[in-house]
Amino acid sequence: MTNATDFLRDKEMQLDETSSQDSPLRRSIGQGIKELYQGQQLCDITLVADGRRFPCHRILLASVSLYFQRMLTSTFKESREGEIVLMDLSATCLQSLLDYVYTGELLLLWEEAEELFTAASRLQITSALDIITRFLRERISMENCLELYVLSYSHNHRPLLHSTSSYIAFHFEHLSELPAFLYLDVGILITIIASEILVVDSELTVYKAVRRWVTYNLAERLPKFAALMDYVRLPLLTPEELAELSLILVLPAGGRGSMSLEGTATTVIPALSFSGSQAKTPGPSAQQAYLILIMGHLGLAAYHLRCLENISSASFIGDLPQQ
């Protein structure tokens with residue numbers, strides 16, 4: 001009976017030891033792997049980046065990276081030939097990630113963090129990606145928020161995307177005035193202005209941001225203006241804010257200026273206008289987008305019209321019940 005009790009007690013001690021986060025066994029395995037890596041012993045796969053070769057161990061790469069696991073357990077030629085060339089990945093970045101895989105230590109500097117994030121995401125080294133994400137989230141600022149949003153959006157990384165989205169939502173007006181805002185991709189811009197958590201004093205702020213983005217590169221972006229205006233909630237503007245748009249309230253020559261409804265006041269507003277050195281007059285063949293604002297006894301209705309010569313193409317944006 002005593003022997004059986006002692007045996008069970010010994011087994012419990014062994015279980016406690018192996019389950020401990022810092023058990024002698026874990027330390028021994030970790031140290032052994034580190035020494036094998038440093039001495040390049042028993043390596044059975046080679047990673048290549050920027051022409052540099054990194055001898056590694058298949059079993060370890062496959063255990064920490066889903067990317068390598070799928071590649072090394074498949075019939076891909078890289079698995080058979082024992083060499084994997086990693087394009088568009090710097091040797092310095094790969095060295096840092098391998099140091100982490102073999103030692104558990106990851107040195108993070110802001111200048112390298114985004115590149116490491118991209119590499120860890122691509123190679124699906126989840127534990128490293130979590131560390132880098134935490135590093136970036138703790139350092140979100142006005143200066144880097146848009147850049148980090150683009151980074152997280154391009155990798156569909158929800159934790160970082162959530163943090164940057166929230167930051168942008170609360171600081172949209174200021175961020176929309178930064179140079180980085182003007183370089184956003186139209187798809188990314190739409191996700192920002194379409195957000196239901198956007199915090200602005202007025203929808204006029206959103207309109208001005210869109211207009212600023214479009215006019216920065218008018219030739220290429222004007223065709224995208226219509227799609228962007230679908231996400232600007234014009235019915236939320238007050239009459240005073242509509243007046244503040246300060247757009248030219250006239251129709252181009254040949255345009256239909258007689259659009260009116262009985263009991264309503266109809267104003268056709270060119271969606272883009274310019275002043276000073278930027279002033280431009282559309283030629284006969286120029287395509288111009290318009291906003292049709294109809295104020296009547298039911299409130300304000302806003303329509304988007306791509307061309308005055310095709311009234312039927314007007315798309316209803318929304319309405320605001322009369323106060």
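A residue counts as buried when its relative accessible area is under 20%. Keep that cut-off in mind as we walk through this predicted model, where buried residues make up 38% of the 323 residues in the chain. In helix 10, the buried residues are Leu 160, Leu 161, Ser 163, Thr 164, Ile 168 and Ala 169. Their cover includes helix 7, helix 8, helix 9, helix 11 (172–175) and helix 13. The helix has 13 residues, which at 1.5 Å a residue should span 18 Å, and its end C-alpha atoms are indeed 18 Å apart.

Before going further, let's step back to the whole chain. Its secondary structure comes to 17 helices and seven strands. If we take contacts between residues at least 6 apart in sequence, 57% of them join residues at least 24 apart. The accessible surface of the chain is about 18,900 Å², and carbon and sulfur atoms account for 53% of that surface.

Now look at helix 7, one of the elements covering helix 10. Helix 7 runs over residues 110–123, and for its 14 residues the expected span of 20 Å agrees with the 20 Å between its end C-alpha atoms. On its buried list you will find Ala 113, Glu 114, Leu 116, Phe 117, Ala 119, Ala 120, Ser 121 and Leu 123. These residues pack against helix 4 (66–72), helix 6 (91–103), helix 8 (126–137), helix 9 (145–154) and helix 10 (158–170). After helix 7 comes Gln 124, with a positive phi near 55°.

Helix 9 and helix 13 both help cover helix 10, and they also meet each other. Their axes come within 11 Å and cross at roughly 105°. Angles of 65 to 115 degrees count as roughly perpendicular, so that is how this pair is arranged. On the helix 9 side, the contact is made by Leu 146, Tyr 149, Val 150 and Tyr 153, and on the helix 13 side by Gly 187, Ile 188, Thr 191 and Ile 192. Six of the residues in this contact are nonpolar, two are polar and none is charged.

Our last stop is Val 199, in the loop between helix 13 and helix 14 (203–216). Is Val 199 buried, partly exposed or exposed? Its relative accessible area is 42%, so Val 199 is partly exposed. Setting aside neighbours within four places in sequence, Val 199 is in contact with Ala 169 and Phe 170. Val 199 and Ala 169 are 30 residues apart along the chain, yet their C-alpha atoms are separated by 5.5 Å. That brings us back to helix 10, where Ala 169 is one of the buried residues.

Technical notes:
Residues are numbered from 1 along each chain as its sequence is written. This is a predicted model: local features need pLDDT of at least 70, side-chain atom pairs count only at pLDDT 80 or more; totals for chains, interfaces and linings use all residues. Side-chain values use heavy atoms; hydrogens and water are left out. Helices (H or I, at least four residues) and strands (E, at least two) are DSSP runs, numbered from the N terminus. The expected span of a helix is 1.5 Å times one less than its number of residues. Buried means under 20% relative accessible area, exposed over 50%, partly exposed in between (1.4 Å probe, protein chains only). Contact means heavy atoms within 4.5 Å. Accessible areas come from the Shrake-Rupley method with a 1.4 Å probe; for residues, only the protein chains shown count as cover. Axes are lines fitted to C-alpha atoms, for helices over the stretch in contact, and angles run from 0 to 180 degrees between N-to-C directions. Angles under 35 degrees count as roughly parallel, over 145 as roughly antiparallel, 65 to 115 as roughly perpendicular and the rest as oblique. Ala, Val, Leu, Ile, Met, Phe, Trp, Tyr, Cys and Pro count as nonpolar, Asp, Glu, Lys and Arg as charged, and the others, Gly among them, as polar.
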